[in-house]
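Take a look at the sequence and the structure below. We will walk through them step by step.

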Amino acid sequence: MIYVHVPFCRSFCTYCDFYSELTHSCRTGAERPFAQWTEDVCAEIAARRAEIADTLAVNTLYFGGGTPSVLPKECLSRIVDTLGYGPYDEFTVEVNPEDLVEKGPGYVRSLLKFGVNRISMGVQSLDDGILRWMNRRHDAARAREAFRMLPAGISRSVDLITGVPGMTDKMLQHTVDEVVSWCPEHVSAYQLSIEEGSALAGMIADGRVKEASEEQCRRQYELLCRTLSAAGYHHYEISNWALPGHEAVHNSAYWTRRPYVGLGPGAHSLRIFPDGRQVRSWNSRSTSAWTVEGSEILTPEEIREEEIMLLSRTDRGPIPERDWFVADDIISGMI
Ligand code: SF4
């Protein structure tokens with residue numbers, strides 16, 4: 001179970017606090033900073049081979065970010081070749097709709113050639129006003145165009161956001177109805193959270209933006225649950241729905257605490273040793289020459305707490321779906 005963190009974005013979204021650096025698109029892997037980052041990921045792979053091999057009982061690869069689709073395809077292919085463990089049961093790449101449209105169908109074909117069998121697209125909303133407010137690069141028309149470029153036969157996941165200031169229930173209903181009409185195999189929908197350090201946190205602090213009320217968030221969560229369940233989606237995790245058989249393998253393995261290796265700046269890893277010791281480690285945040293910044297051995301109490309917290313997010317845990325909206329705040333507070 002391998003995660004690669006791609007720390008580049010072409011613009012910053014209002015609500016985001018993920019580790020990422022602003023960059024411009026470029027056509028080949030020869031240009032910095034992508035080339036340097038790619039070589040450093042390959043060096044990290046070489047240094048952590050044994051650890052990577054220990055995580056492959058769950059045979060998945062996930063490129064997340066940041067915005068993996070800003071990477072030239074040569075960088076992706078170099079990392080996949082260096083890893084050399086494919087084909088993977090699930091190989092996901094997160095994409096931005098604007099990148100897909102800009103790079104064209106040839107780029108999508110290249111992803112499939114590298115073994116990608118799942119694409120997760122950050123649509124967020126199909127309301128242009130909301131997309132502008134979020135400072136997303138795409139508009140609704142580009143999202144439609146990008147989704148149409150995804151071929152049948154792979155798993156297509158659409159990311160949405162709810163609980164956005166100014167987003168009415170009608171706007172959300174319109175977005176979810178249209179997304180359902182596209183028949184993606186998977187939908188993730190996250191409630192907007194105010195992350196310290198994000199532009200949004202500053203806007204709320206100085207009164208320019210008023211947070212969505214709890215009532216609005218609850219209504220919008222219920223709207224999602226209702227609409228997606230009526231369309232045949234399995235609500236298998238607080239924020240995730242899938243057509244039967246398309247539940248995310250990689251993310252599901254996080255919720256059952258399988259070991260994983262995180263490559264790239266800021267990435268976290270969980271190593272489970274044969275003697276039962278469990279070690280979490282994390283990389284420093286720098287687009288080149290990052291190192292393991294810290295690690296901790298988890299105590300049995302911490303392990304148990306994480307097991308309960310993570311399983312509670314799923315339909316296999318002790319909290320029934322009807323209580324997930326209330327439970328989400330409590331569970332998030334434990335992370
Ligand atoms: S939400 Fe994604 S695209 Fe937007 S700034 Fe964060 S990592 Fe970049």
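A residue counts as exposed when its relative accessible area is over 50%, as buried when that area is under 20%, and as partly exposed in between. Keep these cut-offs at hand. Arg208 has a relative accessible area of 58%, so Arg208 is exposed. Asp206 comes to 48%, so Asp206 is partly exposed. The side chains of Asp206 and Arg208 meet in a salt bridge, with 3.1 Å from N to O.

Now step back to the whole chain. This is a predicted model. The mean pLDDT of the chain is 92. Of its residues, 95% reach 70 or more. One stretch stands apart for the reader: over residues 25-30, pLDDT stays under 50. The model has 14 contacts for this stretch beyond four places in sequence. Where pLDDT is low, the predicted coordinates should not be read in detail.

What is the overall build? The secondary structure comes to 13 helices and 14 strands. Along its principal axes, the C-alpha trace spans about 50 × 50 × 45 Å. A compact globule of 335 residues would have a radius of gyration near 20 Å; this chain has 19 Å, so the two agree. Buried residues make up 54% of the 335 residues. Contacts tell about the fold too. Take those with a separation of 6 or more: residues 24 or more positions apart account for 71% of them.

Next, the ligand. Which residues surround the ligand? Three cysteines are not hard to spot in the list: Cys9, Cys13 and Cys16. The aromatic residues Phe12, Tyr15 and Phe18 are also there. Ser11, Gly66, Thr67 and Arg136 complete the shell. By class, the shell divides into 6 nonpolar residues, 3 polar and 1 charged.

Back to salt bridges. How many does a search of the whole structure find? The search finds 19. One of them joins the side chains of Arg142 and Glu98, at 3.0 Å from N to O. This pair links distant parts of the chain. Arg142 sits in helix α7, residues 140-148, and Glu98 in helix α4, residues 97-103. The two are 44 residues apart. Are the partners buried or exposed? Glu98 has 13% relative accessibility, so Glu98 counts as buried. Arg142 has 27%, so Arg142 counts as partly exposed.

Another bridge joins the side chains of Arg280 and Glu306, at 2.7 Å from N to O. Arg280 lies in strand β13, residues 278-283, while Glu306 lies in helix α12, residues 300-312; the pair therefore ties together parts that are 26 residues apart in sequence. Both Arg280 and Glu306 are buried. Salt bridges can also share partners. Here they join Arg10, Asp99, Glu102 and Arg137 into one network.

Stay with strand β13 for a moment. Ser281 lies in this strand too. Its relative accessible area is 11%, so Ser281 is buried. What does Ser281 touch, not counting residues up to four places away in sequence? The partners are Arg48, Ala267, His268, Ser269, Val292, Gly294 and Ser295.

Helix α3, residues 73-83, offers another view of burial. In this helix, Cys75, Leu76, Ser77, Ile79, Val80 and Leu83 are buried. Gly84 follows α3 and has a positive phi, near 70°. A little further on, a cis peptide bond joins Gly86 and Pro87, with omega about 0°. Pro87 is found in the loop between α3 and β5, the strand of residues 90-95.

Why look at such backbone details? Most residues other than glycine have a negative phi, and most peptide bonds are trans. Cys183 is not a glycine, yet its phi is positive, about 60°. Cys183 is found in the loop between α8, residues 169-182, and β8, residues 186-191. With a relative accessible area of 44%, Cys183 is partly exposed.

Arg257 also has a positive phi, near 60°, and is a residue other than glycine. Its place is in the loop between α11, residues 249-255, and β11, residues 261-263. Is Arg257 buried or exposed? Its relative accessibility is 7%, so Arg257 counts as buried.

Key
Residues are numbered from 1 along each chain as its sequence is written. This is a predicted model: local features need pLDDT of at least 70, side-chain atom pairs count only at pLDDT 80 or more; totals for chains, interfaces and linings use all residues. Side-chain values use heavy atoms; hydrogens and water are left out. A residue is near a molecule or strand if one of its heavy atoms lies within 4 Å of it. Ala, Val, Leu, Ile, Met, Phe, Trp, Tyr, Cys and Pro count as nonpolar, Asp, Glu, Lys and Arg as charged, and the others, Gly among them, as polar. pLDDT is the predictor's confidence in each residue, from 0 to 100. Contact means heavy atoms within 4.5 Å. A salt bridge is a side-chain nitrogen of Lys or Arg within 4 Å of a carboxyl oxygen of Asp or Glu. Helices (H or I, at least four residues) and strands (E, at least two) are DSSP runs, numbered from the N terminus. Buried means under 20% relative accessible area, exposed over 50%, partly exposed in between (1.4 Å probe, protein chains only). The radius of gyration is taken over C-alpha atoms; the globule rule is 2.2 Å times the number of residues to the power 0.38.
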